[in-house]
Amino acid sequence: GSGASLGGGYGGGGFGTGAEERGSTTRLLPATHCRSGSSSSSSSRSASETSPGDSPLVSGGPAGELSSPQAGSPRKLSRADMLLNAVYILLNMAAVVGVVAFNKMLFQAPFNFEFPNLLILLHFAFTALLTNLCARAGFFPSKRIPTMQYVRLAASQVGSVCFVNLSLFYNSVGLYQVLKFSNIPVICIGEYLWLGTLYTPRTYLSLGLIVAGVTVTSVTEVSFSTLGFIFGLAGTICTAVYQILNKNIQQSYGVSAMQLLQYESPFTAMFTAVFVVVGRELDGVLSSDTLTMPTLAMVLLSCVAAFGVNVTCYLVIGRTSPVTYGVTGHLKTIGTLLVGFTLLHQPFLLKNLAGIAVAFLGIMWYTHLKLHGGGTILREASSAGGLQASSSSTSLPAPATPRVGARGKEEV
């Protein structure tokens with residue numbers, strides 16, 4: 001979501017939630033038992049029986065409860081779940097297209113807006129403002145989690161944006177795209193090392209087809225730069241960490257996308273403000289004559305589109321998984337290429353057709369495995385490997401019993 005705010009990212013009804021809601025009261029479910037159905041029956045299960053990593057294309061019940069598949073016990077999705085996830089994915093794709101289009105117009109004549117870090121800061125500040133207004137209007141109940149979780153998520157998000165932009169600046173387009181498309185393999189490696197999640201060979205093969213197809217279609221030439229490669233690899237790792245953290249924080253603490261964004265966005269804005277100050281963009285804004293009313297109106301439209309990107313990104317990751325969100329990102333890439341070939345009459349080679357066909361085959365296979373409960377997870381996270389049970393400093397601690405704050409907000 002963050003990288004997409006400038007068009008260079010590595011990714012892709014009501015507000016979904018990660019807990020059971022009854023009126024204005026939210027009941028927090030334990031970290032490893034956020035499952036649809038009866039919470040009393042699920043609480044008797046051991047931590048090793050559930051996986052915080054990947055749920056097949058969605059979460060469970062009407063309140064958007066997160067649900068992980070049991071190894072060997074695949075669960076088919078309801079039509080409502082499928083439809084809701086499809087809507088969120090389509091909204092995310094539309095929001096990404098919108099923010100890219102608005103930003104491209106901003107950076108070109110007649111607007112000539114030359115302050116990218118300031119634009120990212122405005123994106124997250126606008127997201128924080130709008131989510132707080134929605135909470136005050138009663139669209140969702142506010143819920144706090146430990147501050148360190150917001151800091152970790154915000155730091156990985158800002159790191160993703162910065163390193164991705166540096167990768168684009170120092171690398172050739174080919175190497176930048178190769179590193180960009182390696183996001184899904186890095187997520188799989190991260191989930192295995194961090195969570196102990198191991199997917200089935202069919203799942204890995206379908207993902208391999210997607211990555212190979214998109215790479216063949218998009219990459220033309222690759223020139224190696226040591227510094228650019230380091231920046232690109234750092235961007236890929238930060239993006240993977242950000243998406244894995246996002247999923248597990250929503251699941252572990254039973255917070256919805258909007259609840260997480262409400263308190264995380266200000267931290268992201270503050271971290272981005274550091275780059276605005278270092279880059280002396282404020283001095284440039286004050287001395288610039290480009291801040292006309294049409295420019296400010298275009299900035300506002302960009303912020304609205306970025307809000308849509310952030311919300312739908314969190315919704316898709318929370319209800320599905322980081323891997324599924326990565327697949328969605330590749331689907332957006334294929335769509336962009338097809339538009340270029342068909343409408344903009346860009347050069348079209350046989351390798352482009354072959355790459356798109358292979359990528360589509362992988363996407364259809366992956367979607368089939370998800371929708372029909374095809375046993376996508378071979379080994380699920382154990383209590384030793386999961387984020388919740390680990391005692392290391394990089395783990396997510398088990399959430400405590402929620403308490404009501406001074407202003408009626410739930411706190412963990």
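Angles between helix axes under 35 degrees count as roughly parallel, over 145 as roughly antiparallel, 65 to 115 as roughly perpendicular, and the rest as oblique. Keep in mind that this is a predicted model, where local features need pLDDT of at least 70, side-chain atom pairs count only at pLDDT 80 or more, and totals for chains, interfaces and linings use all residues. Residues are numbered from 1 along each chain as its sequence is written, and side-chain values use heavy atoms, leaving out hydrogens and water.

Start by selecting helix 6 (residues 183–195) and helix 8; helices are DSSP runs of H or I, at least four residues, numbered from the N terminus. They pack at about 55°, axes 9 Å apart (lines fitted to C-alpha atoms over the stretch in contact, angles running from 0 to 180 degrees between N-to-C directions). Helix 6 and helix 8 are therefore oblique to each other.

Now show side chains at the contact (heavy atoms within 4.5 Å). Helix 6 brings residues including Val186, Ile187 and Trp194, while helix 8 offers, among others, Ile237, Ala240 and Ile244.

Next, select Leu260 and Tyr314: of the 45 residues in the largest nonpolar core, these touch the most other members. Such a core is a set of buried Ala, Val, Leu, Ile, Met, Phe, Trp, Tyr and Cys residues joined through side-chain atoms within 4.5 Å, buried being under 20% relative accessible area with a 1.4 Å probe, protein chains only. Helix 11 gives the largest share, 10 residues.

Zoom in on Tyr314: leaving aside residues up to four places away in sequence, its contacts include Leu153, Tyr242, Leu260 and Glu264.

Conventions:
Buried < 20%, exposed > 50% of the residue type's maximum accessible area, 1.4 Å probe, protein only. Helix = DSSP H or I, 4+ residues; strand = E, 2+ residues; numbered from the N terminus.
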